[in-house]
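Q: Please take a close look at the hollow spaces inside this protein. What lines them, and which parts contribute?

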Amino acid sequence: PAVILLVSFAAFYFVLNKTTYGRKIYATGSNAKCAKLVGVDTAKIKTSVYAISGFMSALAGLTELDLSGWDMHSAKVINHMFYGCTGLKNVTIGDGVKKIGNWAFSGCSSLDYFAFGKNVESIGEEAFSDCVNVTQIISSAATPPTCGTQALDDINKWNCTLKVPMESLAEYQQAEQWKDFFFIEGTETGIGNISSNRPSDGKCD
């Protein structure tokens, strides 16, 4: 599964950044009305993206996603990438990722543990919608990532512990959406060590 994921991510990265189809996806995601006005068939683009997302979820049958060693800088978890992956429980994203897209993990109703690296700058609109069972989020980012509309709204803030860099504790306690967590802890733990905090059940090697 790890090999399949890495190959898939490389393929998606190429398609999104080097092809006309990829540019049409970005245009549709940014402003569908404007994209339609310049000739993009937004309905087909949306349908194809949902179909690819569903296929990837079915292919992987994921319970655990570990990209802690991924070092492709400026990489993104694209919009809808793991949409509806209901079996996914544990996610670790390394320092190579800067952006988590809109609805990237939406509908991952079994998601329990989520950790991300120091370079994540933004989390998209409703990225975690319907992720109601998350109990632990670990951030290695010194600056709280900017959150899109309702990015974290569906996470139960009473049941989820947010762990952040010790020196950034005050910033997270004041940042939009992050400040809504009732349990925010400062930690010295970095992305390279967070696997020790990850639940062991549900692992898929």
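**Cavity, pocket and helix α2**

A: α1 contributes the most to the lining of the largest cavity, giving 5 residues. Keep in mind that this is a predicted model. The full lining of that cavity is Phe9, Phe12, Tyr13, Leu16, Asn17, Tyr26, Lys76 and Ile78. By class, 6 of these are nonpolar, 1 is polar and 1 is charged. The space inside the largest cavity is about 60 Å³. The structure has 2 cavities of 30 Å³ or more.

Now turn to the largest pocket. Its volume is about 570 Å³. Several elements each give two or more residues to its lining: α1 (2-18), α2, α4 (42-60), β2 (75-77), β4 (97-100) and β6 (122-123). The largest share comes from α4, with 7 residues. In total, 32 residues line the pocket. Nearest its centre lie Ile25, Gly29, Val49, Asn79 and His80. Sorted by class, the pocket lining holds 18 nonpolar, 10 polar and 4 charged residues.

Helix α2 deserves a second look. It spans residues 20-30, and its buried residues are Gly22, Ile25 and Thr28. These three cover an arc of only 125° around the axis, so they sit on the same side of α2. The general rule helps here. An α-helix has 3.6 residues a turn, so residues three or four places apart point the same way. One of the buried residues, Ile25, is also among the residues nearest the centre of the largest pocket.

Definitions and conventions. Residues numbered from 1 in each chain as written. Predicted model: local features only at pLDDT ≥ 70, side-chain atom pairs only at ≥ 80, totals over all residues. Heavy atoms only, no water. Buried < 20%, exposed > 50% of the residue type's maximum accessible area, 1.4 Å probe, protein only. Helix = DSSP H or I, 4+ residues; strand = E, 2+ residues; numbered from the N terminus. Arc of directions from axis to C-beta. 1 Å grid on protein atoms, 1.4 Å probe; cavity = no way out; pocket = protein on both sides within 12 Å on 5 of 7 lines; lining within 4 Å. Points joined across faces, edges and corners; volume = space filled by probe spheres on them. Nonpolar A, V, L, I, M, F, W, Y, C, P; charged D, E, K, R; others polar.
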